[in-house]
Amino acid sequence: MSGRKNVLRHQVAAAQSLAASFSSAPTMITYLDNCSYQINITTSDSTGTFVVEGSNDYQEREAVQNPHNGNWVAIPLAGATPNPVAAAANDSILIDLNQLPFNAIRVSYAPTIAGTGVIDIFLESKAL
């Protein structure tokens, strides 16, 4: 008999423009251990930097209140910071995040060249 895993899978950004800075929707991961982001990039001229951020004081609120409260801090990633590359049409990036001790996570982006293009970001999380 195999064990059950709690799995969360959803899209946190859809057709997000690479022309300006943005942060994805936060995801509560209090009871989830391992997460991964998949960033699908469609561009031919945008460059910029992605940062995965964590927060321990972010709390989800009702829709009438500001859902982006809390303080967000960059999570150090092993290896290089993922960046879209000029002329990298239809590129994809996977970010593997293991044993996260945070309440919530999100992805932020800052352009260095605000070209054309969009991205979709998907998150999958699993409890051990």
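## An all-strand predicted model, seen from Ile95

Ile95 is found in strand S7, and that residue makes a handy starting point for a look around this protein. Please keep in mind that the model is predicted. The secondary structure comes to 9 strands and 0 helices, so let's begin with one strand residue and then widen the view to the sheet, the aromatic rings and the whole chain.

**Ile95 and its surroundings**

- Ile95 has a relative accessibility of 6%, and because buried means under 20%, this residue counts as buried.
- Which residues does Ile95 touch, once its neighbours within four places in sequence are left aside? The contacts are Cys35, Ser36, Tyr37, Ile39, Val52, Leu77 and Pro82.
- One of these contacts, Val52, lies 43 residues from Ile95 along the chain, and the C-alpha atoms of the two are 8.9 Å apart.

**The open sheet around S4**

- An open sheet is formed by 4 strands in the order S1-S9-S4-S7, with antiparallel pairing.
- Strand S1 (7–17) and strand S7 (91–97) are the edge strands, each pairing on one side only.
- Direction ignored, neighbouring strands of this sheet are turned against each other by 15 degrees on average.
- As a reminder of what holds such an arrangement together, strands of a sheet pair through backbone hydrogen bonds, either parallel or antiparallel.
- Strand S4 (residues 34–42) pairs with S7 over 7 bridges in the antiparallel sense; within S7, Leu94 stands opposite Gln38.
- S4 is also joined to strand S9 (residues 118–126) by 9 bridges, and these two strands run antiparallel. Here Ser36 has Glu124 in S9 as its bridge partner.
- Ser36 therefore turns up twice in this briefing: as the bridge partner of Glu124 and among the contacts of Ile95, where contact means heavy atoms within 4.5 Å.

**Aromatic rings**

- How many aromatic pairs does a search of the whole structure find? The search finds 3.
- In one of them, the ring centres of Phe50 and Tyr109 are 5.0 Å apart and the planes meet at 45 degrees, so the pair is tilted.
- Phe50 lies in strand S5 (residues 47–55) and Tyr109 in strand S8 (residues 104–113), so the pair ties together parts that are 59 residues apart in sequence.
- Are Phe50 and Tyr109 buried or exposed? Both Phe50 and Tyr109 are buried.
- Ring pairs also bring in Phe22, linking Phe22, Phe50 and Tyr109 into a cluster.

**The whole chain**

- Along the sequence, the protein follows the pattern β-β-β-β-β-β-β-β-β.
- The protein has 128 residues, of which 37% count as buried.
- Among contacts between residues at least 6 apart in sequence, 85% join residues at least 24 apart.
- The protein exposes about 7300 Å², and carbon and sulfur atoms supply 52% of that area.

**Confidence**

- The mean pLDDT of the protein is 84, and 85% of its residues reach 70 or more.
- Which elements have the lowest and the highest mean pLDDT? Among the elements of the protein, S7 has the lowest, at 89, and strand S2 (residues 22–23) the highest, at 95.
- A general caution for any modelling work: where pLDDT is low, the predicted coordinates should not be read in detail.

Conventions
Residues are numbered from 1 along each chain as its sequence is written. This is a predicted model: local features need pLDDT of at least 70, side-chain atom pairs count only at pLDDT 80 or more; totals for chains, interfaces and linings use all residues. Side-chain values use heavy atoms; hydrogens and water are left out. Rings of Phe, Tyr and Trp (its six-membered ring) pair if their centres lie within 6.5 Å; planes under 30 degrees apart count as stacked, over 60 as edge-to-face and the rest as tilted. Buried means under 20% relative accessible area, exposed over 50%, partly exposed in between (1.4 Å probe, protein chains only). Two strands pair if DSSP finds at least two bridges between them. Axes are lines fitted to C-alpha atoms, for helices over the stretch in contact, and angles run from 0 to 180 degrees between N-to-C directions. Accessible areas come from the Shrake-Rupley method with a 1.4 Å probe; for residues, only the protein chains shown count as cover. pLDDT is the predictor's confidence in each residue, from 0 to 100.
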